[in-house]
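Dear colleague,

Please find below the sequence and structure that I am handing over to you. My notes on what was found follow directly after.

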Amino acid sequence: MPSRRELMAGVAATVTATAGCLGDEELIARCSSRGVGSGSQYLREIAPIRGEEQVSLGILVSDQAVTEERYHTVKIRDSDDTLVASVPLMSNRGMSSLNPEDYSVFGSSSGELYAVPLGPPPVHGEYTVSLTDPDAEQIATASVRFNCYAEGETLP
């Protein structure tokens, strides 16, 4: 059993490893990010991901989180604690067409990947993502801060 320090180091490494934008194709944006992992195997990773025209917040949850009734919703809040999006897991099981393997930022992690559109670059933000149960109690929470600039612009 890993110690708390080893677990936190692993979470920090995962969040650091997931920083940035995705793909080997021409990028719409360049991103830098920093975050604090949930320490939960169910809320796996969050990171900014680029699409063809905009940046989204990618949220990877475990297969168990989308198949067990204990895990009800993923809630995304901004730095002002305003609800940005809510993904009801119960009614969206198996509906995400995103494959985490297609996005290098998620490494070899498996699970169901959801994306919340944030807009075209430049886009910056600080978000908290929570996995909740049917009573809206938080099971796991992670946060991320990021800056995404249009290709050719300078990162801070």
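The mean pLDDT of this predicted model is 76, and 77% of the residues reach 70 or more. Confidence is highest in strand β4, at 95, and lowest in helix α1, residues 4–17, where the mean is 36. The pLDDT is below 50 over residues 1–26; in the model this stretch nevertheless has 36 contacts beyond near neighbours in sequence. I would ask you to keep these values in mind when viewing that part of the chain.

Turning to the interior, the largest nonpolar core comprises 28 residues. Those with the most contacts inside this core are Ile-59, Val-74, Ile-76, Leu-89 and Leu-131. Two or more residues each come from β2 (43–50), β3 (55–61), β4 (73–78), β5 (83–88), β6 (112–119), β7 (123–132) and β8 (138–150). Of these elements, β8 gives the most to the core, with five residues. Apart from this core lies another, of seven residues, including Ile-49, Leu-60, Tyr-103 and Val-105. As general background, nonpolar side chains tend to be buried together in soluble globular proteins.

Val-74 may serve as a point of entry to the largest core, since it is among the residues with the most contacts there. Leaving aside neighbours within four places in sequence, Val-74 is in contact with Ile-59, Val-61, Ala-85, Ser-86, Val-87, Leu-89, Val-129, Ser-130 and Leu-131.

Next, the charged residues. How many salt bridges does the structure hold? There is one, and in it the side chains of Arg-77 and Asp-81 meet at 3.9 Å, N to O. Arg-77 is partly exposed, with a relative accessible area of 28%, whereas Asp-81 is exposed, at 53%.

Asp-133 also deserves your attention. This residue is found in the loop between β7 and β8 and is buried, yet has no salt bridge. Why is there no salt bridge for Asp-133? The nearest side chain of opposite charge, Arg-70, is 6.1 Å away, and a salt bridge requires the side-chain nitrogen and the carboxyl oxygen to be within 4 Å, so this pair does not qualify. The side chain of Asp-133 does reach the backbone nitrogen of Glu-137, at 2.9 Å. Not counting residues up to four places away in sequence, Asp-133 touches Arg-70, His-72 and Ile-139.

Yours sincerely

Technical notes:
Residues are numbered from 1 along each chain as its sequence is written. This is a predicted model: local features need pLDDT of at least 70, side-chain atom pairs count only at pLDDT 80 or more; totals for chains, interfaces and linings use all residues. Side-chain values use heavy atoms; hydrogens and water are left out. A nonpolar core is a set of buried Ala, Val, Leu, Ile, Met, Phe, Trp, Tyr and Cys residues joined through side-chain atoms within 4.5 Å. Buried means under 20% relative accessible area, exposed over 50%, partly exposed in between (1.4 Å probe, protein chains only). Helices (H or I, at least four residues) and strands (E, at least two) are DSSP runs, numbered from the N terminus. Contact means heavy atoms within 4.5 Å. pLDDT is the predictor's confidence in each residue, from 0 to 100. Lys and Arg count as positive and Asp and Glu as negative; His and the chain ends are not counted. A polar contact is a pair of N or O atoms within 3.5 Å; within protein, one must be able to donate a hydrogen and the other to accept it, and residues adjacent in sequence count only if both atoms are side-chain atoms.
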